[in-house]
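Trainee: I should like to learn how to read a protein model, one feature at a time. May we begin with the structure itself?

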Amino acid sequence: MAGDRLQYKPDFERAQTYWDALWNHEVIDRPCAMVTALATQTPRDYKRLVGVDEDFEEVVSGAVDYLESFAFFGEAMPAFRPGFGPDQMAAFAGAPLTISQGSSQTSWSEKIVTDWEAFLPLRIDENNRHFQRMKEFHAVAEKHLEGRCLLCDIDMHSNVDMLEGLRGAQNLIFDMIGEPDTILKAMAQARALYREVYETFHRYGNKPKWGTTSNLAMYDRGRYNRIQADFIALLSPDLFRQFVLPALTEEAEYLDRSCFHLDGPDALNHLDDILAIEALDAVQWVPGDGSKPQLAWPEVLHRIQAAGKIVILHLSIDDAKRIHGEYDPALLVYDVGARSVVEGMAFLDWLKAHT
């Protein structure tokens with residue numbers, strides 16, 4: 001593929017300039033908008049989460065069919081993410097991993113730590129099967145997708161989520177209270193592994209040329225990734241500040257651009273501390289199942305923007321038009337699915353006319 005034009009994103013270079021503007025808190029002629037639309041008669045799908053022993057050639061082939069059935073407008077970046085599920089970091093450290101039967105979205109790890117002092121140090125054995133197979137997965141994806149789409153950074157679920165994947169939630173909380181020095185040591189080692197794992201997989205997909213994206217499909221020319229710690233919903237502010245906040249700060253400082261995935265109402269207890277991370281660029285507020293939808297939390301979204309952080313809104317085109325103008329366009333990303341190619345293109349024109 002000549003130049004910097006992706007097969008599934010012919011206007012790739014133009015889109016890059018809009019992402020540049022967003023990170024600099026600037027507006028070109030409308031807010032940053034990721035718009036996708038079905039471009040074929042019938043939607044195609046592929047396995048978004050696979051087992052370690054599956055045929056990666058087949059998986060990537062299915063992803064190609066999927067990508068070719070969609071159009072990517074505005075700043076939407078076509079991408080593929082190799083993955084074994086949210087507990088894959090724990091699997092890299094030795095925990096057996098099980099893919100949920102009947103689901104393409106989740107997996108879980110066997111809780112193998114019974115005594116931290118006996119288990120430490122946290123490390124990744126080069127012969128670890130999940131780690132080796134993930135590298136093979138990336139190599140297959142790189143071979144088939146170079147010049148077609150971006151290759152995502154992996155879903156890390158690092159720091160405290162990694163420890164939970166090895167120990168289990170209830171036991172880890174007891175450990176934090178009863179053995180704080182040991183858990184701080186484990187967290188320090190987990191923080192070091194973040195860089196090791198990130199660097200390993202950042203080498204695939206020609207990211208110095210194409211830039212980076214993640215499963216939260218924001219984009220940067222440099223090193224972008226989603227930061228998260230779902231376990232914090234179970235922690236008091238004091239435990240969060242002692243054990244987790246330093247890790248989140250370190251990850252944000254390590255990356256060029258980052259977005260924190262804030263998951264569920266209980267995680268809101270830590271929002272002020274998260275917003276105080278100077279290097280953090282954005283916050284994705286996800287209310288979670290059983291809660292009122294994202295747009296029904298304007299006080300949270302405005303609070304994020306008031307701290308100088310970008311918000312990403314997942315919504316319909318109708319809802320985007322309804323609330324357009326209520327949020328600072330320089331700190332805003334719309335993530336919308338259009339009902340047709342024509343509607344997607346018209347929406348971008350509407351944004352320009354109303355910004």
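Trainee: How many residues of strand 12 (residues 310-314) are buried?

Mentor: A residue is called buried under 20% relative accessible area, exposed over 50%, and partly exposed in between, using a 1.4 Å probe and protein chains only. Strands (E, at least two residues) and helices (H or I, at least four) are DSSP runs, numbered from the N terminus. In strand 12, 4 of the 5 residues are buried, so the strand is largely enclosed by the rest of the structure. Please note that this is a predicted model, in which local features need pLDDT of at least 70 and side-chain atom pairs count only at pLDDT 80 or more, while totals for chains, interfaces and linings use all residues. Residues are numbered from 1 along each chain as its sequence is written, and side-chain values use heavy atoms, with hydrogens and water left out.

Trainee: Which strand is joined to strand 12, and do the two run parallel or antiparallel?

Mentor: Two strands pair if DSSP finds at least two bridges between them. Here, strand 11 (residues 282-286) and strand 12 run parallel and are joined by 2 bridges. One residue pair to look for is V283 with its bridge partner V311, which belongs to strand 12.

Trainee: Which residues does L313 touch?

Mentor: Contact means heavy atoms within 4.5 Å. When residues up to four places away in sequence are not counted, L313 touches Q294, L295, L301, I323, Y327, L332, V333, Y334 and D335. A nonpolar core is a set of buried Ala, Val, Leu, Ile, Met, Phe, Trp, Tyr and Cys residues joined through side-chain atoms within 4.5 Å. The largest such core has 125 residues, and those that touch the most other members are W19, F80, W116, M218, L313 and Y334.

Trainee: Where is A320 found, and is A320 buried or exposed?

Mentor: A320 is found in helix 13 (residues 317-323) and is buried, its relative accessible area being 0%. Leaving aside neighbours within four places in sequence, A320 is in contact with L315, Y334, V336 and F347. Sequence distance and spatial distance may be read side by side for A320 and G337, which are 17 residues apart in sequence and 11 Å apart in space, C-alpha to C-alpha.

Trainee: What span should helix 1 (residues 12-23) have?

Mentor: The expected span of a helix is 1.5 Å times one less than its number of residues. For the 12 residues of helix 1 this gives 16 Å, and the end C-alpha atoms are 17 Å apart, which agrees. An α-helix has 3.6 residues a turn, so residues three or four places apart point the same way. The buried residues of helix 1 are F12, A15, Q16, Y18, W19, A21, L22 and W23.

Trainee: How many residues of helix 6 (residues 159-167) are buried?

Mentor: Helix 6 is mostly covered, with 9 of its 9 residues buried. Just after helix 6 comes G168, with a positive phi of about 100°.

Trainee: Which residues other than glycine have a positive phi, and where is a peptide bond cis?

Mentor: Most residues other than glycine have a negative phi, and most peptide bonds are trans. H157, which is not a glycine, has a positive phi of about 40°. H157 lies in the loop between strand 6 (150-151) and helix 6, and is buried at 11% relative accessible area. Another case is N206, whose phi is near 50°. N206 sits in the loop between helix 8 (180-202) and helix 9 (207-210) and counts as partly exposed at 31% relative accessibility. The peptide bond from L120 to P121 is cis, with omega near 5°.

Trainee: What radius of gyration does the protein have?

Mentor: The radius of gyration is taken over C-alpha atoms, and the globule rule is 2.2 Å times the number of residues to the power 0.38. For 355 residues, a compact globule would have a radius near 20 Å; the protein has 20 Å, which agrees. Buried residues make up 55% of the 355 residues, and the protein contains 14 helices and 13 strands.
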